[in-house]
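Me: I should like to learn how to read the surroundings of a ligand. Could you guide me through an example?

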Amino acid sequence: MDFTSFTLLAAGSDLSMEPAAREDADGVELRMDFAEDPLGQLDAYDGDLPVLVTNRVGWEGGEAPDDAARLDALERAVEYDSVTAVDLELAALDGAGDHDAGRVADHARDHGASVVVSTHDFEATPDRAAIEDRLARACEYGDVGKMASTAHSPDDVLAMLGATRALSAADERVATMCMGEAGRHSRAVAPLYGSLIGYAPVDPDEATAPGQYDLATLRSLVEQLQSKK
Ligand SMILES: O=C1C[C@@](O)(C(=O)O)C[C@@H](O)[C@@H]1O
C-alpha cells in the first residue's frame, strides 16, 4: 500500500472477513489489539488484499498494553509479505509512553512496508491550527499522517476538512476523519479534501471506532461523491 490515492481499508480483528471485503476494499486493517492470535492469523492468511497492521495501545484508545511485546508483535507482523503497512501512534514515536516505536518504523521500512503515523482525540476536535500541527508532525515520522478526532458540531468537521485540505495542498499525505455521529459524514467527504485512507468494517456491528459506515456503504458514498458525472 503506497497511499498515493484514496485507499479504503476493511477494518477488523479477523482476517476471515477478507473474502467478503474484496469487492469494496483496497486492503484490510488488522486490529491486532482486538484479535485472537493475530500473528497466527497472518501466518495462515492467503487472501488477495494487502494488510495494514495496527496494535493500538491502551492510552490511545486501543486494547494493547504499553509494553515491548506490543512492538515486538508489530515487528513480527511486518515481516509477512501480505503486510504492506503498519500503524504507529505519533505519541509512541515522539516520546510518550514507555517504549519507543521507532524500531518498528525502521523494521517496517526494511521490509518494504509503509508507515502510517496516527493521532487520535476521543473527546473533542482541536482547532484547525492545532490539527495542522499534529498532522504535520505525524507526516514527519511517517509516509502518511493520520488524525481521527471526535466531532460535536459542523464546525469541528470544518476544522478537520480545512486542515486536511491545507496539508494535502502542501503535498503531505494525510488521512483524516471525525468520529461520532456529528463527524460521520467526514468519512465520505474528507477524501474530496485529500484524505488518503478510509476505515470501515464489513459488518456494521463490528465497527472499530465510533461513527464508521459499513464498508459497502462507505465505498458507495465515496464513489458517488467523487464521480465526475
Ligand atoms: O485509527 C484508526 C481510525 C479509526 O479510529 C476510525 O475512526 O475509523 C479506526 C481504527 O481502526 C484505525 O486504526
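Reply: Certainly; please note that this is a predicted model. One begins with the residues that have a heavy atom within 4 Å of the ligand. Here they are Glu-29, Arg-31, Arg-56, His-120, Lys-146, Met-177, Met-179, Arg-187, Tyr-199, Thr-208, Ala-209 and Gln-212.

Me: How many residues of each class does the shell around the ligand have?

Reply: Five are charged, four are nonpolar and three are polar.

Me: Which side chains have a polar atom at a short listed distance from an oxygen atom of the ligand?

Reply: A polar contact is a pair of N or O atoms within 3.5 Å. In this model, a polar side-chain atom of His-120 is 2.7 Å from a ligand oxygen. For Thr-208, a side-chain N or O atom lies 3.0 Å from an oxygen of the ligand, and for Gln-212 the distance from such an atom to a ligand oxygen is 3.0 Å.

Me: How much of the ligand's area does the protein bury?

Reply: The ligand taken alone exposes 320 Å², and the protein buries 99% of this area.

Me: Where does the ligand sit, and which elements give two or more residues to its shell?

Reply: The ligand occupies the largest pocket. The elements in question are β2 (27–31) and β7 (174–179). Glu-29, for instance, belongs to strand β2.

Me: Which residues does UniProt place under "binding site"?

Reply: The unreviewed UniProt entry gives that feature to Glu-29, Leu-30, Arg-31, Arg-56, Arg-187, Thr-208 and Gln-212. From this set, Arg-187 is part of the lining of the largest cavity.

Methods:
Residues are numbered from 1 along each chain as its sequence is written. This is a predicted model: local features need pLDDT of at least 70, side-chain atom pairs count only at pLDDT 80 or more; totals for chains, interfaces and linings use all residues. Side-chain values use heavy atoms; hydrogens and water are left out. A polar contact is a pair of N or O atoms within 3.5 Å; within protein, one must be able to donate a hydrogen and the other to accept it, and residues adjacent in sequence count only if both atoms are side-chain atoms. Accessible areas come from the Shrake-Rupley method with a 1.4 Å probe; for residues, only the protein chains shown count as cover. On a 1 Å grid over the protein atoms alone, a cavity is a set of points where a 1.4 Å probe fits but cannot get out, and a pocket is an open set with protein on both sides within 12 Å along at least five of seven lines; lining residues have an atom within 4 Å of a point. A molecule sits in a cavity or pocket if more than half of its atoms lie within 2 Å of its grid points. Helices (H or I, at least four residues) and strands (E, at least two) are DSSP runs, numbered from the N terminus. Ala, Val, Leu, Ile, Met, Phe, Trp, Tyr, Cys and Pro count as nonpolar, Asp, Glu, Lys and Arg as charged, and the others, Gly among them, as polar. UniProt positions are given in the numbering used here, feature names are shortened, and annotations may be inferred rather than shown by experiment.
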